[in-house]
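I opened the notebook to record how the pieces of this chain pack and pair. I took the helix contacts before the strands.

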Amino acid sequence: MIAASAMTWAPHFSRAFGATSGDFGASTAKPSFPVTDYHVHLSPELTIDKALALGKERGVQLGVLEHPGPNFAIRTDADLKQYIGTLRKYPVQIGLQPVYLGWSKAFSKDLLGQLDYILMDALTLPKRDGGYIELWQVTTQYDDEQAFMHCYTEFIEQILTTEPIDIFGWPTFLPVAIARDYSQLWTRPRIEHIIELAAARKIAIEINEASHVPDETFIQLAKQAGLKFTFGTDSRNQNAAHFSYCYQLAQKCGLTESDMFVPRKK
Ligand SMILES: [Zn+2]
């Protein structure tokens with residue numbers, strides 16, 4: 001079974017991955033097509049003006065998102081309306097990043113339809129006996145890797161088949177304690193299953209700068225299956241719009257403009 005030893009509420013992943021990005025070695029050139037960072041969280045440190053300045057400096061458009069649901073700021077239609085209204089004044093795509101299954105029931109369809117995109121990841125894993133395991137917490141232990149993979153894959157399946165989302169975030173991310181076994185745990189059938197489910201509902205795949213997932217094999221297979229991609233930093237600081245892994249993988253996998261996600265048309 002899975003033993004979860006870390007259950008504190010942190011305002012999601014960016015805290016664990018909030019370190020300043022380091023520029024080691026030569027950075028890969030920006031692709032020739034227009035680039036958007038679809039995973040930017042505003043914060044006291046990253047105001048909308050600061051984010052826009054970083055985007056301009058780095059030649060990258062921005063997609064701003066926030067978490068809806070309990071423990072977060074957006075809980076009602078009124079909250080969501082205010083959030084969309086505030087951001088519409090700025091040249092950014094407006095997104096939402098739900099964390100819990102069934103989150104959309106709290107909001108009207110009409111209002112959700114005004115968003116440019118919805119991104120969801122599978123990192124807040126429900127436990128069978130209630131509560132959640134936060135996969136990005138470095139102190140969480142996993143006694144049985146295969147049992148974990150079974151629960152994790154099931155949860156991913158639920159997200160990709162039932163949730164009204166456009167982008168699957170942090171795909172194939174593994175907790176630090178078992179990350180070294182990535183290539184054994186992400187077997188070909190498991191990878192192909194995720195790709196099939198995403199393809200069935202035209203859900204795009206996030207290439208995640210903070211955690212360097214998914215890997216080249218996954219991206220190549222997803223590309224062959226016709227899936228679209230986004231780049232995302234999951235930042236709430238000066239890392240916004242700063243890409244290295246995403247650019248490298250785009251180059252290695254030969255991604256072109258036609259492989260990239262396009263937000264919903266209004
Ligand atoms: Zn996020």
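**Entry: helix 6 and helix 7**

I began with helix 6 (residues 188-200) and helix 7 (residues 216-224). Their axes lie 10 Å apart, and the packing angle is about 40°. I call helix 6 oblique to helix 7, because roughly parallel would need an angle under 35 degrees. The model is a predicted one, so I note that here as a limit on what I read from it.

I then looked up the handedness. Helix 6 crosses helix 7 in the right-handed sense.

Which residues meet here? From helix 6 I listed Ile191, Glu192 and Ile195. From helix 7 I listed Phe218, Leu221 and Ala222. I sorted this contact by class: five residues are nonpolar, one is charged and none is polar.

**Entry: helix 4 and helix 6**

Next I turned to the contact of helix 6 with helix 4 (residues 145-162). Here the axes come within 9 Å. The crossing angle is roughly 15°. Are the two helices roughly parallel or roughly antiparallel? With an angle under 35 degrees, they are therefore roughly parallel. This crossing is right-handed.

I wrote down both sides of the contact. Helix 4 supplies Thr153, Ile156, Glu157, Leu160 and Thr161. Helix 6 supplies Arg190, Ile194, Leu197 and Ala198. By class I have five nonpolar, two polar and two charged residues in the contact of helix 4 with helix 6.

**Entry: strand 2 to strand 3**

I moved on to the strands. Strand 2 covers residues 36-40, and strand 3 covers residues 61-66. How many bridges join them? I found three, and the two strands run parallel. For a point of register I took Asp37, which sits opposite Leu62 of strand 3.

Then I traced the connection. Helix 1 (residues 48-58) forms a β-α-β unit with strand 2 and strand 3. I recorded the unit as right-handed.

**Entry: strand 3 to strand 4**

Strand 3 also pairs with strand 4 (residues 93-96). Four bridges hold this pairing, and it is parallel. My register point is Gly63, with Gln93 of strand 4 opposite.

Which helix belongs to the unit of strand 3 and strand 4? I noted helix 2, residues 77-87. Strand 3, helix 2 and strand 4 make a β-α-β unit that is right-handed.

**Entry: where things stand**

I can now place strand 3 with two partners: strand 2 through three bridges, and strand 4 through four. I can also place helix 6 against helix 4 and against helix 7.

Technical notes: Residues numbered from 1 in each chain as written. Predicted model: local features only at pLDDT ≥ 70, side-chain atom pairs only at ≥ 80, totals over all residues. Pairing = 2+ DSSP bridges. Right-handed = clockwise from strand over helix to strand, strands pointing away. Axes fitted to C-alpha atoms, helices over the stretch in contact; angles between N-to-C directions. Parallel < 35°, antiparallel > 145°, perpendicular 65-115°, else oblique. Left-handed = near helix turned anticlockwise from the far one by under 90°. Contact = placed C-beta atoms within 7 Å. Nonpolar A, V, L, I, M, F, W, Y, C, P; charged D, E, K, R; others polar.
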